[in-house]
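Take a moment to look over the model below. The paragraphs that follow walk through it step by step.

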Amino acid sequence: FYDSYNYRIHENSFICSSDLKQCHKKTAAASDPGGSGTAMGRRYRRGGLMWRLRKILIWVLGIYITIPVIIKVCPSIQAKLVFLNFVRVPYFIDLKRPQDQGLNHTRNFYLQSEEGINIGVWHTVPSVMWREAQAKDSEWYDKSFQSSHPVILYLHGNAGTRYTNTFFICLSLQVLCSLGYHVVTFDYRGMLSGSPSEKGMTSDAFFLYQWIKQRIGQKPLYIWGHSLGTGVATNLVRRLCDRGTPPDSLILESPFTNIREEAKSHPFSMVYRYLPGFDWFFLDSITANDIRFASDENVNHISCPVLILHAEDDAVVPFQLGKKLYDLAAQSKSLNGHKVQFIPFPSSLGYRHKFIYKSPQLPNILSPHPPQNALHTSEYLG
């Protein structure tokens, strides 16, 4: 009896449940006889998605148009984008302790290039002086300039400090030191004090060049520029040549012709390169900040050997700009009688913008006395 009673209850529940489902179906069919509600829902969802996509597109387009306008109205922003002095990565590096970065034969110190302008400097001695340099004071490093070893003044690119810009060339510094060179590099103004500018950076480089020259006398002093530092380097060398005191050699790594052509070729400008008025919005804003870095003009006033190094796969400073600068230098009357050489590095090597230091040929290129089968660069460095 109990089982029979439960069966009837279960059967009645099933019938009620089935009736309810049928009732719901009939109600839905009565309210939407053509099934258009489902289709309307899908159309509503598609319409909502399209509206969101249009909204995103409007925002992107608004930002795309706003950026050039802001740069044109506030050209100082463009100057910051050129120098990138606000980029300091890694942030927690203690520049007072270069030995923490593997440069344990390097001295950190500070100089005042102008009133109120302080620059941080690193001086790395040749590898043969490594043991002697341990735990030595500033007086010892000053006297080390009196050794027979030549000196390279290294002018780094934009962004960051003498560490973040020499990080990729730390091994190159080791190569230079192993070949018997002192290497001196420094932070451009704007890192410790003052604001970055082409004139100010060139002035600081000239000050440090004179400071080194006073300590080394007649020993060779070479100027090496990388990326934006090549613009500073050609400015400096032009100034020295105009004074009748050219350096012993100028080495340009990944150089460009002038800042306008570099800005137009830079990857960051790709999204705006074909925008009508690109020159007016962006390039004229650079000129308004008195930033030119006209290496293509400077080579017509330089009278010392010039060596250009450039990787074919350089995405930051296109290879063709370095080649164009070489072609101009080779035709320069002021460089007539001086060795001008261009050394390309194939794309297959993967050296790009900052890895030329990996080249096994670099010691031969920079050696004062290269072997017989090496590149003939002894006319550059010694």
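Is Leu-53 buried, partly exposed or exposed? This is a predicted model, and in it Leu-53 is partly exposed, with a relative accessible area of 47%. Leu-53 sits in helix H2, which spans residues 36-73. It has company at the surface. Together with Leu-49, Met-50, Ile-56 and Val-60, Leu-53 forms a nonpolar patch. The accessible area of these residues adds up to about 460 Å².

A record has something to say about this stretch. An unreviewed UniProt entry annotates residues 53-71 as "transmembrane region". In the model, residues 53-71 are 100% helix and 0% strand. The C-alpha atoms at the two ends of that segment are 28 Å apart.

Next comes helix H3, residues 75-83. Its buried residues are Gln-78, Ala-79, Val-82 and Phe-83. They share one side of H3, because they cover an arc of only 125° around the axis. The spacing fits a general rule. An α-helix has 3.6 residues a turn, so residues three or four places apart point the same way. After H3 comes Leu-84, with a positive phi near 50°.

Helix H11, residues 278-288, can be read in a similar way. Here Phe-278, Phe-281, Phe-282, Leu-283, Ser-285 and Ile-286 are buried. Viewed down the axis of H11, the buried residues fall within an arc of 150°, so they line one face of the helix. Just after H11, Asp-290 has a positive phi of about 60°.

Now turn to helix H8, residues 198-216, which holds Ser-203. Ser-203 counts as buried, at 18% relative accessibility. Its C-alpha atom lies 9.4 Å from that of Asn-235. Along the chain, Ser-203 and Asn-235 are 32 residues apart.

Finally, consider the cysteines. How many disulfides does a search of the whole structure find? The search finds zero. A disulfide is a covalent bond between the sulfur atoms of two cysteines. Why does Cys-304 not bond with Cys-241? The sulfur of Cys-241 is the closest cysteine sulfur to that of Cys-304, yet the distance is 5.0 Å, too far for a bond. The cut-off for a disulfide is 2.5 Å. Cys-304 is buried, with a relative accessible area of 1%, whereas Cys-74 is partly exposed, at 34%.

Note on methods: Residues are numbered from 1 along each chain as its sequence is written. This is a predicted model: local features need pLDDT of at least 70, side-chain atom pairs count only at pLDDT 80 or more; totals for chains, interfaces and linings use all residues. Side-chain values use heavy atoms; hydrogens and water are left out. Buried means under 20% relative accessible area, exposed over 50%, partly exposed in between (1.4 Å probe, protein chains only). Helices (H or I, at least four residues) and strands (E, at least two) are DSSP runs, numbered from the N terminus. The arc is that of the directions from the helix axis to the C-beta atoms. Patches are made of residues with over 30% relative accessible area and no salt bridge: like charges are joined within 9 Å, nonpolar side chains (Val, Leu, Ile, Met, Phe, Trp, Tyr) within 5 Å. Accessible areas come from the Shrake-Rupley method with a 1.4 Å probe; for residues, only the protein chains shown count as cover. A salt bridge is a side-chain nitrogen of Lys or Arg within 4 Å of a carboxyl oxygen of Asp or Glu. UniProt positions are given in the numbering used here, feature names are shortened, and annotations may be inferred rather than shown by experiment.
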